[in-house]
Structure formats: structure tokens, C-alpha cells
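Please open the structure in your viewer and keep the sequence panel visible. The tour below proposes a series of selections and describes what is found at each stop.

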Amino acid sequence: LHYVLTKAAGRSVAEKTVDWLLSQFEVGSADRSVFRRAREIGLADFEDSVVASIAEANQCAYIVTRNLDDFGGSPVPSVLPGFFLQSLKVANVRKVN
């Protein structure tokens with residue numbers, strides 16, 4: 001993410017964005033059991049299986065991705081970024097009301 005943002009908008013924007021994301025979201029960790037579970041999940045791409053396993057271990061509601069097909073066999077549902085952002089807006093409206 002930092003790399004893409006730096007290329008698109010510059011280092012300062014990338015750093016501010018990453019800092020904001022870290023203040024808003026938890027970061028899941030991976031240990032041996034997560035990697036073993038990833039082997040069991042068995043998606044076509046091992047790295048996607050690791051993402052799915054981390055999401056499962058951390059009880060995530062969604063995996064946010066532009067590639068829904070990559071997570072077809074994931075134990076955690078995948079959603080498009082637009083859907084996720086819309087769900088955040090709805091959740092914020094509910095908090096205000």
C-alpha cells in the first residue's frame with residue numbers, strides 16, 4: 001500500500017494514509033498455526049490462503065479485495081472495497097442516530 005500510494009500521491013500522503021489506517025484498524029499477526037491453516041484452506045494462491053487464515057484467526061468480518069474470485073473458498077467472506085466503504089458509512093450513520 002505504501003509503495004502504491006507513494007508512486008501515485010507522494011511519500012507524505014502515503015505516510016499519512018498508512019498512519020491513519022493503523023489508527024483505525026487492527027493488524028492481524030501470523031504464526032506457525034496460521035500458515036498451517038493456510039495450507040488447509042488451499043486457495044489457488046498461497047498468499048491468498050495466508051490472508052484468509054489471518055482473517056479467520058482474527059475473527060474478521062470480511063476480506064476487502066478487488067479480486068473476489070481469489071477468495072472463493074475462503075472461510076471469511078470477501079467483499080469489494082466499495083461495499084466495505086458503504087458499510088462503514090451506514091455504521092457511522094447508525095452511531096449518530
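**First stop: a pair in helix 2**

Select glutamate 15, which counts as partly exposed because its relative accessibility is 33%. Please bear in mind throughout that this is a predicted model. Next, add arginine 11 to the selection: the side chains of glutamate 15 and arginine 11 meet in a salt bridge, with 2.8 Å from N to O. Both residues belong to helix 2 (residues 11–24), where they are 4 residues apart, about one turn of the helix. Arginine 11 has a relative accessibility of 55%, so it counts as exposed.

**Second stop: the whole chain**

Now zoom out and display the chain as a cartoon. Its secondary structure comprises 5 helices and 2 strands. Followed from the N terminus, the elements come in the order α-α-α-α-β-β-α. The C-alpha trace spans about 40 × 35 × 25 Å along its principal axes. The chain has 97 residues, of which 22% count as buried. If you show the surface, about 7400 Å² is exposed, and carbon and sulfur atoms supply 54% of that area.

**Third stop: a network around arginine 37**

How many salt bridges does a search of the whole structure find? The search finds 3, and the pair at the first stop, glutamate 15 and arginine 11, forms one of them. To see others, select Arg37, Glu40 and Glu56, which are linked in a network of salt bridges.

Begin with glutamate 40 and arginine 37, whose closest N and O atoms are 3.4 Å apart. Both lie in helix 3, 3 residues apart, about one turn of the helix. Glutamate 40 counts as exposed because its relative accessibility is 59%, whereas arginine 37, at 27%, is partly exposed.

Then turn to glutamate 56, whose side chain meets that of arginine 37 in a salt bridge of 2.7 Å, N to O. Glutamate 56 lies in helix 4 and arginine 37 in helix 3, so this pair ties together parts that are 19 residues apart in sequence. Glutamate 56 is partly exposed, with 29% relative accessibility.

**Last stop: a charged patch**

Finally, colour the surface by charge. The chain carries 11 positive and 11 negative side chains, and the centres of the two sets lie 6 Å apart. Select Asp45, Glu47, Asp69 and Asp70: these residues gather in a patch of negative charge on the surface. Where does aspartate 45 lie? Aspartate 45 is found in the loop between helix 3 (32–41) and helix 4 (46–57). With a relative accessibility of 34%, aspartate 45 counts as partly exposed.

Note on methods. Residues numbered from 1 in each chain as written. Predicted model: local features only at pLDDT ≥ 70, side-chain atom pairs only at ≥ 80, totals over all residues. Heavy atoms only, no water. Patch = residues over 30% accessible without salt bridge, like charges linked within 9 Å, V, L, I, M, F, W, Y side chains within 5 Å. Areas by Shrake-Rupley, 256 points an atom, 1.4 Å probe, with all protein chains shown as cover. Salt bridge = Lys/Arg side-chain N within 4 Å of Asp/Glu carboxyl O. Lys, Arg positive; Asp, Glu negative; His and termini not counted. Charge placed at Lys NZ, Arg CZ, Asp CG, Glu CD. Buried < 20%, exposed > 50% of the residue type's maximum accessible area, 1.4 Å probe, protein only.
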